[in-house]
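Colleague: Before I use this model, could you take me through its fold and a few individual residues, with the criteria behind each statement?

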Amino acid sequence: MQEQSESAGPAGPGDDAVTDDFGLAGVPDAFQRLWTPHRMAYIKGGQHQFKNENDCPFCVAPARSDDDSLIVYRGRSVYVVLNLFPYNPGHLLVCPYRHVPDYTDLTVEETAEFGELTQTAMRVLRKVANPTGFNLGMNQGVTGGAGIAGHLHQHVVPRWGGDGNFFPIIAQTKAITQTLGEVRQQVADAWPQQAREQSGPGETHAE
Ligand SMILES: [Zn+2]
């Protein structure tokens, strides 16, 4: 049993601890370390902070086919898309169609659908990939770590024991990119049934 790890941060969870060092909030050093690869990928792809809808990937995506944009579900005011640069396989983003930056910008209707689709995303991922945990979260503003700060998006990241090890994080971009199309298809195929069960009567959580 390893008591302390030099790189584990102030709280110092050892490698034997549940791999929960991916904290979206409250663990600044882990946040920085774990999310930097994504931001590098965006930077290499020519990404920058988008000023308006014309060059915003979250605004452009719905105009293309589901396959091309990796969309798994289109709702009334909110849609769900596979992250092009996932932290884990099945890393989904829940986005309003409207180009608004802040959670408080959502209307009541958008907020409801945003929550509903986040729940369905979790259900679908549980069904197709059996994750043992999730990270949900929104990075608000550039300071808050948002890669695309101008367009609100909620991360839904499935987690499995051991996935927080350093090596998979470094290696993830290449390994996961090759299967994005397959993952999108799996999630999209499983979506309708999970959405029905979610809205159906008397459904209880199976686990
Ligand atoms: Zn946008």
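What follows is an exchange of questions and answers about this structure.

Colleague: What kind of model is this, and which pLDDT do local features need?

Modeller: Residues are numbered from 1 along each chain as its sequence is written. This is a predicted model, in which totals for chains, interfaces and linings use all residues, side-chain atom pairs count only at pLDDT 80 or more, and local features need pLDDT of at least 70.

Colleague: How many helices and strands are there in the protein, and in what order do the elements run?

Modeller: Helices (H or I, at least four residues) and strands (E, at least two) are taken as DSSP runs and numbered from the N terminus. On that basis the protein has six helices and five strands. Read from the N terminus on, the elements follow the order α-α-α-β-β-β-α-β-β-α-α.

Colleague: What is the strand order of the sheet, and which strands stand at its edges?

Modeller: Two strands are said to pair if DSSP finds at least two bridges between them. The five strands form an open sheet with antiparallel pairing, in the order β1-β2-β3-β5-β4. Each edge strand has a single partner, so one side of it is left without a neighbour in the sheet, and the strands in this position are β1 and β4.

Colleague: How many bridges join β3 to β5, and what is the bridge partner of leucine 92 in β5?

Modeller: β3 and β5 run antiparallel and are joined by three bridges, whereas β4 and β5 pair in the antiparallel sense over five bridges. In the latter pair, asparagine 135 has valine 157 of β5 as its bridge partner. For leucine 92, the bridge partner in β5 is valine 156.

Colleague: How many of the residues of β5 are buried?

Modeller: A residue is buried if 20 or more other C-beta atoms lie within 10 Å of its own, exposed if 12 or fewer, and partly exposed in between, with C-beta atoms placed from the backbone. Of the 207 residues of the protein, 27% count as buried. β5 is mostly covered, the number of buried residues among its six being five.

Colleague: Which elements do the buried residues of α6 pack against?

Modeller: The buried residues of this helix are Val183, Arg184, Val187, Trp191 and Gln194. Contact here requires that the C-beta atoms of two residues, placed from the backbone, lie within 7 Å. By that criterion, the buried residues of α6 pack against β1 (71-74), β2 (78-82) and α4 (108-129).

Colleague: Where in α6 does a kink lie, and how far apart are its end C-alpha atoms?

Modeller: The bend at a residue is the angle between axes fitted to the seven residues ending there and the seven starting there, and a kink of about 40° lies at tryptophan 191, shortly before proline 192. The expected span of a helix is 1.5 Å times one less than its number of residues. For the 20 residues of α6 (residues 180-199) this gives 28 Å, which agrees with the separation of the end C-alpha atoms, 28 Å.

Colleague: Why does histidine 153 count as buried, and how many other C-beta atoms lie within 10 Å?

Modeller: UniProt, in an unreviewed entry, lists His153 for "active site"; such positions are given in the numbering used here, feature names are shortened, and annotations may be inferred rather than shown by experiment. Histidine 153 is in the loop between β4 (133-137) and β5 (154-159), and, not counting residues up to four places away in sequence, histidine 153 touches Phe58, Leu93, Val94 and Cys95. Histidine 153 is buried because the number of other C-beta atoms within 10 Å is 22.

Colleague: Is asparagine 130 buried or exposed?

Modeller: Asparagine 130 lies in the loop between α4 and β4, and has a positive phi of about 50° although it is not a glycine. With 10 other C-beta atoms within 10 Å, asparagine 130 is therefore classed as exposed.

Colleague: And leucine 70, is this residue buried or exposed?

Modeller: Leucine 70 is in the loop between α3 and β1, and its phi is near 65°, a positive value in a residue other than glycine. Because leucine 70 has 23 C-beta neighbours inside 10 Å, this residue counts as buried.
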